[in-house]
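Visitor: Hello! Could you walk me through this one with a few questions and answers?

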Amino acid sequence: MPHARTRNPSPIPEVTWDTGLKEMNETWKGAIACLGVAVFFVMTIGIIYWQVVDQPNKNWILKGGFSGLIWERRANSLLIQTLSEDKTFVEIDVGNVGTPDMEVPFVRNLCWLNKTEFCYTWDSVAEVKISLEIADESETECYSMTWTPVHCHVELKDCFSMVNVSWYGGASVHAPSWPINDVDVSMQSFRVSDLRDNPTGFGSVLERYFLGSSGVAVLVAPQIPLHVGVQSRQQFCLQTAPGMERMPLQYTVCVGQNIKTVHQEAVQQLSVPFRELPNMNVLRLPFWKLPANVDTGVKVERELRTFSNRLKRHHLGEGVIGLDEHSTSLLSNMDHDYLNGRRRTLKRQTRDLPFVKLLNISVTLSPYLSVDTQQFQTSMQDGTQDYWLSLPSGPQARMVPLLTLWRGKYCVKLNITNPEAINWFLERVGSLHSHLGMEYVILEGGEGNPFKEQALRPPPALTGDEYVGLLAGLAERIGDNAIVSVGTRSSHKPLFIRMSALQSDWSYAGLKGIIPSLLHYSLLGYNFFIPDAVGGSLSSELVTDDELFIRWLGIMAFLPVLSFQTPPWASEDDKVLNFTRVYIAKHQEFVVPLIEKYAEEWQVSGNPVYRPLWWVSPEDPATFTIDDEFLIGDEVLVAPVTEKGVLQRDIYLPNSDFQWQDTNNAKVFDGGTLLQSYPAGLGDVPVFIRKTS
């Protein structure tokens, strides 16, 4: 019987398993592909939504023990805050990475293996590397920032907000302000200049250091070309110019509990550990500028004799009589040949001046030499033209000195990198000393760069303000009787520095600028300075405003050195001469011992001799903007009158834990007190001494 075949009841054709699988892949292939595209699209939308909408506006990119660095993407800014976010130390507008109209994405740390470093790259703009540095037993945390341009056309620029922060430091300016929030300076190369020739530039004392009242310090790397601009009450900015070298913008931001704490830590980075005291004898005698407008050395000698006799006649005691560069040249008989052959030895062909040697005099020298002098002509003939800043010229690359203006004359400037030129200059000083027996040598003229003035590329050894540093080294070799007129990265050297000239008026370019200037100098480490003359010396005219002279004199009596251009006997009012005698005595008996005491503290710790009021009350906002009072150490508060026609003033006494006693009437007041309309008659300076239990 044939075997009966079993029927399949299903309508689906009977096929093997492999065949069915192939047919299903073909059937669902398009559907699966569409599903994958849909899922990818939904994920993309989700990521974009997270980045743009749902993502927080800021993210922590580094965290320290008490502070952290935040990237705020919508504002294109970096913030350093406490971890509890209850205090912002600083806000940095990072202009490198876009504009407020272009939102920068949420950043990811590309240095993900290191929790103390943050790295990121903005396409076609810049790379940034930020390192968190926490030293053992330190009360500060520092963030080291390095921006590197991706290509040579990128201009790096970071700006530090002034909102709720008072800033100090940087450079001296024409009308100084304390803090610098009210200063307005266009973006320009950050180097010293002579404010008489460049009133909109930076002045004679400059450091790459800025200090904020929130407890923040900014230290900029010394080796990079730097531009700085200040927008009043808004921000100050650091900038590097674009160039083939792709120079980085490097700086360190340190934060601490308060402004005093962070400054004390930062000053150790600002200067070398070993600080030397200058010749403290400079403090003891007033400086008198000889008002000699003469044309021969004999007449200068006669003027010296007359001026010395007048000091004695008016019972003003001993003093240092200062000769300007012109009088120095006349008196030392600069007509003879200082350039004898290739050794450039000094042959003194003039008589000694025994009377001059009996006086305390200061002479003024500079690294400039007029092209009209016989000395310069001789140097061009004897092959020593490389004693001056020069450039090679012609097929034989002969050195040709660069011409520049100094005091209205065309001059050449000493090549301070040439050891033979330095030796010649030192021999010149030695000859002057044997001839005149001067007490002090004022070395001016460090400002200015003839290469930059002519848009030439300077040699590597003379870029930026290197000339200023080398000139300070030359002053050291002259001896402890040298005084300089410019300073940068030289506050540790044993040198006095002369302040810039001021206007003879009541403005911040005149009398009101004295206290902001002394606080600025001291903050940067330049505690040993010679202020401008009583009444101001920007003009050669004598001061005729007796009130201005007396108020100016009252401030100067508490500074390191008293200096005069207008002699007090020029006034018809005898009280001017009487007040001068009183304040000279007060300076010698009361102020000099204080300075000597706190000079030793500066040498050990770096704490300034002259201090702002926030030094003893660093968390009191009332002290951050006081620019007409100052402290000598922690124990003496000076509050002079700086307004014309005023016989009273408001005085703030800092620190509620202190008591302050008026030295004029012995009254005692609690700290943290504002004394309103406190009497200060003409000739009086309110001075308070901190009482100790």
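Guide: Gladly, and one definition comes first: helices (H or I, at least four residues) and strands (E, at least two) are DSSP runs, numbered from the N terminus. Please also keep in mind that this is a predicted model.

Visitor: Then let's start there: which residue just after α10 takes a positive phi?

Guide: Helix α10 covers residues 514–523. Just after α10, a positive phi of about 100° is found at Gly 525.

Visitor: Is α10 largely enclosed or open, and how many of its residues are buried?

Guide: Buried here means under 20% relative accessible area. Ile 514, Pro 516, His 520 and Leu 523 are among the α10 residues that meet this cut-off. The helix is largely enclosed by the rest of the structure, because the number of buried residues is 10 of the 10.

Visitor: Which strands does α10 touch?

Guide: Helix α10 packs on an open sheet of 7 strands, ordered β5-β6-β7-β15-β12-β11-β9 with antiparallel pairing. Its direction makes about 80° with that of β9. The strands that α10 touches are β9 and β11.

Visitor: Which strands are at the edges of that sheet?

Guide: An edge strand pairs on one side only. In the order β5-β6-β7-β15-β12-β11-β9, we look at the two ends. The edge strands are therefore, with their residues, β5 (117–122) and β9 (167–171).

Visitor: Inside the sheet, which residue of β15 stands opposite Val 218?

Guide: Strand β12 holds residues 216–220 and β15 holds residues 249–256, and they pair in the antiparallel sense over 5 bridges. Opposite Val 218 in this pair stands Val 253.

Visitor: What angle does helix α2 make with β11?

Guide: Helix α2, residues 259–270, also packs on this sheet. Its contacts are with β7, β9, β11, β12 and β15. Between the directions of α2 and β11, the angle is about 160°.

Visitor: Which residues of β14 are buried on the side of Phe 236?

Guide: Strand β14 runs over residues 235–240, and 6 of its 6 residues are buried. Both faces are covered, with Gln 235, Cys 237 and Gln 239 on one side. The other side has Phe 236, Leu 238 and Thr 240.

Visitor: Which strands pair with β14?

Guide: One partner, residues 156–161, pairs in the antiparallel sense over 6 bridges, and its Asp 158 stands opposite Leu 238. Another, residues 227–231, pairs in the antiparallel sense over 5 bridges, with His 227 opposite Gln 239. These two strands are β8 and β13.

Visitor: Are α7 and α9 roughly parallel, roughly perpendicular or oblique to each other?

Guide: Helix α7 (residues 419–436) and helix α9 (residues 466–478) pack at about 45°, their axes 11 Å apart. Their contact includes Phe 425 and Leu 426 in α7, and Leu 474 in α9. Angles under 35 degrees count as roughly parallel and 65 to 115 as roughly perpendicular. The two helices are therefore oblique.

Visitor: One last stop: which residue of β28 stands opposite Trp 288?

Guide: A second open sheet has 8 strands in the order β27-β26-β25-β24-β18-β17-β16-β28, with parallel pairing. At one edge, β28 (563–564) pairs with β16 (residues 287–289) over 2 bridges. Opposite Trp 288 stands Phe 564.

Notes:
Residues are numbered from 1 along each chain as its sequence is written. This is a predicted model: local features need pLDDT of at least 70, side-chain atom pairs count only at pLDDT 80 or more; totals for chains, interfaces and linings use all residues. Side-chain values use heavy atoms; hydrogens and water are left out. Two strands pair if DSSP finds at least two bridges between them. Contact means heavy atoms within 4.5 Å. Axes are lines fitted to C-alpha atoms, for helices over the stretch in contact, and angles run from 0 to 180 degrees between N-to-C directions. Buried means under 20% relative accessible area, exposed over 50%, partly exposed in between (1.4 Å probe, protein chains only). Angles under 35 degrees count as roughly parallel, over 145 as roughly antiparallel, 65 to 115 as roughly perpendicular and the rest as oblique.
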